[in-house]
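User: I am a first-year student, and I would like a close look at the aromatic rings of this protein and at what lies around them. Please go slowly and explain the reasoning as you go.

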Amino acid sequence: MSANKNLHSEIAFKRIDNYPGKPTIIFLHDSWGSINLLRDFPEKLGELTECNVLIYDRQGYGESGPFSYSKRNNDYMELEADILNELLDYWKIDKAILFGHSDGGSISLITAAKYPSKIVGVITEGAHVFVEDITVNGIKDAVKLYQTGNLKSKLEKYHGEKTDSMFWAWADTWTSEEFRTWNIESFLPAIHCDLLVIQGADDEYGTLEQVTKIVTQTSGQASKLIIPNAKHSPHKEVPNLVLEKSAEFIKQLFDDENKNASIREVSKASFRKHKNKFKGIIFDLDGTLVNSLEDLAGSMNKVLQNHNFPTHSLADYKIFVGKGILNLVRSSLPKTIQDEQTVKSCYQQMVSIYKDNCIIKTAPYDGIIDLLNELKYRKIKLAVLSNKADELTKKIVQTLMPDYFDVVLGLTSEELRKPNPFVALKISNFFQIDSENMIYVGDSGIDMQTAQNAKMFGVGVTWGFRTEEELIVNGAQEILNHPSDLIKIIS
């Protein structure tokens with residue numbers, strides 16, 4: 001197929017739609033890349049997985065139009081993610097798998113975080129989430145090759161008269177002092193789709209710490225593939241291996257999607273069968289029963305101020321919360337200062353400060369107390385299950401909502417952190433109620449995953465910290481816009 005050009009946005013793209021109704025793998029090239037530089041790799045992966053394929057040249061690359069700006073800002077990859085979202089609408093693609101190399105990998109991660117309903121899986125290769133010395137040094141070496149070797153002439157075959165602007169936009173940005181603070185780790189917890197993170201063990205532009213940061217901070221199932229003796233472009237260096245592992249990952253996505261569809265159908269059937277028979281409800285705490293954001297943010301900002309670190313806004317903390325205080329601390333600290341000693345010290349300070357300030361502004365959401373009164377009247381068994389420390393969970397519930405809950409449990413060990421269903425099922429057993437007769441109510445994708453894993457009826461709430469889109473993507477069976485809506489489900 002020949003490359004097409006969307007004249008409206010001046011974005012060149014190549015599209016292969018051989019499999020109607022199947023997802024589309026979208027390839028995002030690296031900082032020197034283009035449609036033609038990817039050669040036949042995209043087509044081969046499409047054939048192996050029976051997926052449609054789309055490759056495009058970003059603005060300033062290949063056959064696309066020139067850059068519309070003279071200098072890149074630190075958020076240029078976020079802007080590229082927004083452009084990709086618009087292109088998905090233009091191309092009418094609502095189920096995409098992203099394969100991103102280098103910058104393309106970083107853009108893929110941001111896109112999955114910002115637009116989760118459109119992305120079903122992500123494969124990254126040599127992606128960066130922060131700047132390292134090895135990255136800057138590798139780019140400086142490339143600059144020497146560009147100035148004294150034949151690198152420029154090679155790139156001109158693919159980028160023509162845009163070659164200089166393309167190359168220096170990359171080199172000048174990444175080696176600038178202001179770009180040293182660039183970091184996209186705050187996006188990672190908002191990624192709930194599955195990921196395959198590929199990197200060459202000898203990558204000249206990044207260490208394996210990039211892989212660790214991605215795998216440990218995303219909320220979906222993330223696996224890594226470290227390829228010995230490979231550098232920054234494994235899909236060119238060992239194409240057969242990358243094709244094999246990528247195809248396995250994509251096929252697993254299909255299996256998981258079919259499994260989740262079956263779970264959703266079972267849940268819907270369970271709802272129809274057991275409507276009027278729900279006997280127990282488990283509630284998440286933060287963002288579901290109480291709005292605790294200001295106290296969490298205020299306490300964490302005090303810790304940061306004590307260390308002369310930058311503080312964060314409430315909007316930032318909406319992304320950071322949901323996976324326990326330890327992860328909140330890690331997400332809040334400057335990305336260049338996350339050694340274990342600092343994390344441990346700040347965590348201890350956070351627990352101490354927050355323990356004394358956890359009910360200053362924290363309060364039940366409007367309508368929650370009325371809902372709890374109605375549920376108690378109906379003799380529904382009620383529980384709270386939180387990823388917040390057990391002691392703090394109990395303190396908040398006993399102070400703000402005493403005498404409503406039969407069981408109140410917070411986090412007692414990392415192994416039991418939601419979406420692990422163990423504690424939810426333990427509550428169900430304690431109540432002597434089958435899990436299919438239990439409702440799980442929460443405001444995050446993690447809560448909906450917990451409900452699915454426990455085979456409970458998952459109900460998402462829109463008044464909390466996360467988006468309705470995140471809830472739906474993670475399997476919410478019902479969405480509540482007000483606490484009183486829950487009564488309609490049980491009656």
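Analyst: What follows goes through the aromatic pairs and then turns to a sheet and two buried residues. The model is a predicted one, so every value below is computed from its atoms.

A pair of aromatic rings is described by two quantities, the distance of the centres and the angle of the planes. In this model the count comes to 22 aromatic pairs. Take F27 and F41, whose ring centres are 6.3 Å apart and whose planes stand at 90°; because planes over 60 degrees apart count as edge-to-face, this pair is edge-to-face. F27 belongs to strand 3 (residues 24-28) and F41 to helix 1 (residues 41-49), and the pair links distant parts of the chain, with the two positions 14 residues apart in the numbering. F27 has a relative accessibility of 1% and therefore counts as buried, and F41, with a relative accessible area of 4%, is buried too.

A second pair is formed by F278 and F457, with ring centres 5.5 Å apart and planes at 40°, so this one is called tilted. F278 sits in the loop between helix 9 (239-274) and strand 9 (280-283), while F457 is in strand 15 (residues 457-461), so the pair ties together parts that are 179 residues apart in sequence. Both rings lie under the 20% limit for a buried residue, since F278 has a relative accessibility of 3% and F457 one of 4%.

Rings can also gather in groups: W32, Y146, F167, W168, W170 and Y205 form one aromatic cluster. Elsewhere a ring has a charged side chain over its face, as with R58, which lies over Y61 at 5.3 Å from the ring centre, and R72, which lies over Y76 at 4.2 Å from the ring centre.

The strand that holds F457, strand 15, is part of an open sheet of six strands, which pair in parallel in the order 13-12-9-14-15-16. Strand 13 (407-411) and strand 16 (478-480) stand at the edges with a single partner strand each, so one side of each has no neighbour in the sheet. On average, neighbouring strands of this sheet are turned by 25° against each other, direction ignored. Strands 15 and 16 pair in the parallel sense over three bridges, and V461 has L480 in strand 16 as its bridge partner. Helix 14 (residues 368-377) lies across strand 9 and strand 12 (381-389), and its direction is at about 155° to strand 9.

Two buried residues complete the picture. S428 is in helix 16 (residues 422-431) and counts as buried at 2% relative accessibility. A polar atom of the S428 side chain lies 2.4 Å from the backbone oxygen of I433. Leaving out residues up to four places away in sequence, S428 touches I433, D434, S435, M438 and M456.

The other residue, H235, is in helix 8 (residues 234-237) and is buried, with a relative accessible area of 6%. This residue leads back to the beginning, since its contacts, apart from neighbours within four places in sequence, are L38, F41, H101, E125 and V242, and F41 is one ring of the edge-to-face pair described above. The side chains of H235 and E125 are joined by a polar contact of 2.6 Å. H235 and S435, one of the residues that S428 touches, are 200 residues apart in sequence and 45 Å apart in space, C-alpha to C-alpha.

How values were computed
Residues are numbered from 1 along each chain as its sequence is written. This is a predicted model: local features need pLDDT of at least 70, side-chain atom pairs count only at pLDDT 80 or more; totals for chains, interfaces and linings use all residues. Side-chain values use heavy atoms; hydrogens and water are left out. Rings of Phe, Tyr and Trp (its six-membered ring) pair if their centres lie within 6.5 Å; planes under 30 degrees apart count as stacked, over 60 as edge-to-face and the rest as tilted. Helices (H or I, at least four residues) and strands (E, at least two) are DSSP runs, numbered from the N terminus. Buried means under 20% relative accessible area, exposed over 50%, partly exposed in between (1.4 Å probe, protein chains only). A charge sits over a ring if NZ of Lys or CZ of Arg is within 6 Å of the ring centre and within 35 degrees of the ring normal. Two strands pair if DSSP finds at least two bridges between them. Axes are lines fitted to C-alpha atoms, for helices over the stretch in contact, and angles run from 0 to 180 degrees between N-to-C directions. Contact means heavy atoms within 4.5 Å. A polar contact is a pair of N or O atoms within 3.5 Å; within protein, one must be able to donate a hydrogen and the other to accept it, and residues adjacent in sequence count only if both atoms are side-chain atoms.
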